[in-house]
Amino acid sequence: MLLWLSFFACTAVIVYSGAKLSKYGDIIAEKTGLGRAWVGLVLLASVTSLPELITGISSVTVAGVPNIAVGDVLGSCVFNMLILAVLDAQSRIMPISGKAHQGTILSAAFVILLLSTIALSMLSKKYLTPLGWIGPYSLFFIFVYFLAMRLVYFYEKRQIAAFLKEKSIQMKYNDISTKTAVVNYSLNAVFVIIAATFLPEIGKGIAEMTGLGQTFVGNIFIALATSLPELVVSLSAVKMDALDLAVGNLFGSNLFNIFILAIDDIFYIKGPLLSFAEQNHIFSALSAIAMTGIVIIGLTYRAEKKRLFLAWDSLGIVFVYIVNIMLLYMSR
């Protein structure tokens, strides 16, 4: 009973502060001219992915369970793409892929690059020469993450400059200063971090009662718990009509999650992290690649109407997610 009460208490804090994060993140995007996609990619994504970071480091240093660390990262990447389908359900007439800024394709492509590297590294881990105790792929993850941040930033700046030449933008937050937005954003970020750090252990306690393996638990239960901030922040952003902030947050979280995998590898001194992880994690890596690919197709095609409750690309995302769960369960 105490376990469930703790879970709902943490959820309540994240729901409230997550909504505030979306608001003040949008204000910062407007005041600084950084762009919603970039703010979502960096500011929101880094905050909402901190539970994965804390879970990963504690998994490899304290608990000594590398499968939980890897499963949490890859499972979160899969769940974040599922959130896009949840957001699509909120849009009654037009699919979100038809409304979202196409610049998010750039960050989505980086996600596919990194996830493909994870899958290849796990398949060829016997042939990879470690750099000290870490895998060579970890240095690649870190390099690509910062490269993605830089390229998306300059892309956003070019897009905003071109937009300003065409028409003037009416400011929505004239009554709120940049300082006030940053202070309130930081305070709510702290609340989200504190509440979310308790979720993995609570989720782990609930999952242990089922008797499932570490890989399944990490990919499904722990990933679900640590991805709750992304869900709350994204839903709040959509309600504020800040869709690019929501989509940028999800792709940014996936990029940051893979960056976290490199950090976990550095803390895991027994050897390259992926060499100690079960091969079953490849299911989640490939599923996340497939789901991201479906999103890119939707963003490029840009359907104007949807015939069902969910758009065709969202249905594809849900289908891949279900297949991933089935494969993980059967191979546990």
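Among contacts in the protein chain between residues at least 6 apart in sequence, 86% join residues at least 24 apart. The structure is a predicted model. The protein chain contains twelve helices and zero strands, and 55% of its 332 residues count as buried.

**Overall architecture**

- Read from the N terminus, the elements of the protein chain follow the order α-α-α-α-α-α-α-α-α-α-α-α.
- The protein chain has an accessible surface of about 14800 Å². Carbon and sulfur atoms account for 68% of this surface.

**Nonpolar surface patch**

- A nonpolar patch on the surface is formed by Val-13, Val-183, Leu-187 and Phe-191. Together, these residues have about 340 Å² of accessible area.
- Helix 7, which spans residues 178–208, gives the most to the nonpolar patch, contributing three residues.
- Val-13 belongs to helix 1, which covers residues 2–32.
- The relative accessible area of Val-13 is 36%, so Val-13 is classed as partly exposed. This value also passes the cut-off for patch residues, because they must have over 30% relative accessible area.

**Aromatic pairs and their cluster**

- Eight aromatic pairs are found in a search of the whole structure.
- One of these pairs joins Tyr-145 and Phe-146 in an edge-to-face arrangement, with 5.4 Å centre to centre and 75 degrees between the planes. The angle counts as edge-to-face because it is over 60 degrees.
- Phe-256 and Phe-259 form a tilted aromatic pair, with 5.7 Å centre to centre and 40 degrees between the planes.
- Phe-256 and Phe-259 are separated by about one helical turn because they lie three residues apart in helix 10, which comprises residues 243–267.
- Tyr-145, Phe-146, Phe-256 and Phe-259 are linked into a cluster by ring pairs.
- Within this cluster, Tyr-145 is buried, with a relative accessible area of 6%. Phe-256 and Phe-259 are buried as well.

**Surroundings of Asn-324**

- Asn-324 is located in helix 12, which runs through residues 312–330.
- With a relative accessible area of 2%, Asn-324 is buried. The classification follows because buried means under 20% relative accessible area.
- When residues up to four places away in sequence are not counted, Asn-324 touches Val-78, Phe-283, Ser-284 and Ser-287.

How values were computed: Residues are numbered from 1 along each chain as its sequence is written. This is a predicted model: local features need pLDDT of at least 70, side-chain atom pairs count only at pLDDT 80 or more; totals for chains, interfaces and linings use all residues. Side-chain values use heavy atoms; hydrogens and water are left out. Patches are made of residues with over 30% relative accessible area and no salt bridge: like charges are joined within 9 Å, nonpolar side chains (Val, Leu, Ile, Met, Phe, Trp, Tyr) within 5 Å. Accessible areas come from the Shrake-Rupley method with a 1.4 Å probe; for residues, only the protein chains shown count as cover. A salt bridge is a side-chain nitrogen of Lys or Arg within 4 Å of a carboxyl oxygen of Asp or Glu. Helices (H or I, at least four residues) and strands (E, at least two) are DSSP runs, numbered from the N terminus. Buried means under 20% relative accessible area, exposed over 50%, partly exposed in between (1.4 Å probe, protein chains only). Contact means heavy atoms within 4.5 Å. Rings of Phe, Tyr and Trp (its six-membered ring) pair if their centres lie within 6.5 Å; planes under 30 degrees apart count as stacked, over 60 as edge-to-face and the rest as tilted.
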